[in-house]
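Biologist: I'm new to this one. Could you walk me through it?

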Amino acid sequence: GEAKMCVIIVSLEVLLPTSMQMTCWNDLAEAVVEDFNCKVLLVTTGANPIPESGMSLKDFLADLLALIESLPWKGPFVLLENTAGVATSILWPLRSRLAGALVVNSSAFFSEDFV
């Protein structure tokens, strides 16, 4: 049947390249889709784009929020945030749509002047 919930995974290549993370994300997706009738969407930027591109943290977060808002799932969702703290602050602007959140490997909360 049609999915009743969505899990959106936001992951950066902070510690592991996406190719090495995919086994984990695939296993998680299979379990969630099968057991809970959920859709799973993965958003990844590859390597941390902020220092590499010269993009500001504010611009990166704005782009990430716009990307999440453009995804085909329009209802409430669970956010699995795996960015080592780089994007943890997106939880607040997404709060009206969040059914839940899981912050993985959060090592810090970054401000613009830190990045």
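Modeller: Two strands pair if DSSP finds at least two bridges between them; helices (H or I, at least four residues) and strands (E, at least two) are DSSP runs, numbered from the N terminus. The model is predicted, so local features need pLDDT of at least 70 and side-chain atom pairs 80 or more, while totals for chains, interfaces and linings use all residues. Residues count from 1 along each chain as its sequence is written, and side-chain values use heavy atoms, without hydrogens or water.

Biologist: Which residue is the bridge partner of Val 78 in β4?

Modeller: Strand β3 covers residues 77–82. β3 pairs with β4 in the parallel sense, over five bridges. In β4, Val 78 finds its bridge partner in Gly 100.

Biologist: Which strands stand at the edges of the sheet?

Modeller: It's an open sheet of four strands with parallel pairing, ordered β2-β1-β3-β4. Two strands have a single partner each, so one side of each lacks a neighbour in the sheet. Those are β2 (38–44) and β4 (98–103).

Biologist: Which element gives the largest share of the largest nonpolar core?

Modeller: A nonpolar core is a set of buried (under 20% relative accessible area, 1.4 Å probe, protein chains only) Ala, Val, Leu, Ile, Met, Phe, Trp, Tyr and Cys residues joined through side-chain atoms within 4.5 Å. The largest has 21 residues, with Ile 8 and Phe 60 among those with the most contacts inside it. β1, β2, α3 and β3 each supply at least two of its residues. The largest share, six residues, comes from α3.

Conventions
Buried means under 20% relative accessible area, exposed over 50%, partly exposed in between (1.4 Å probe, protein chains only).
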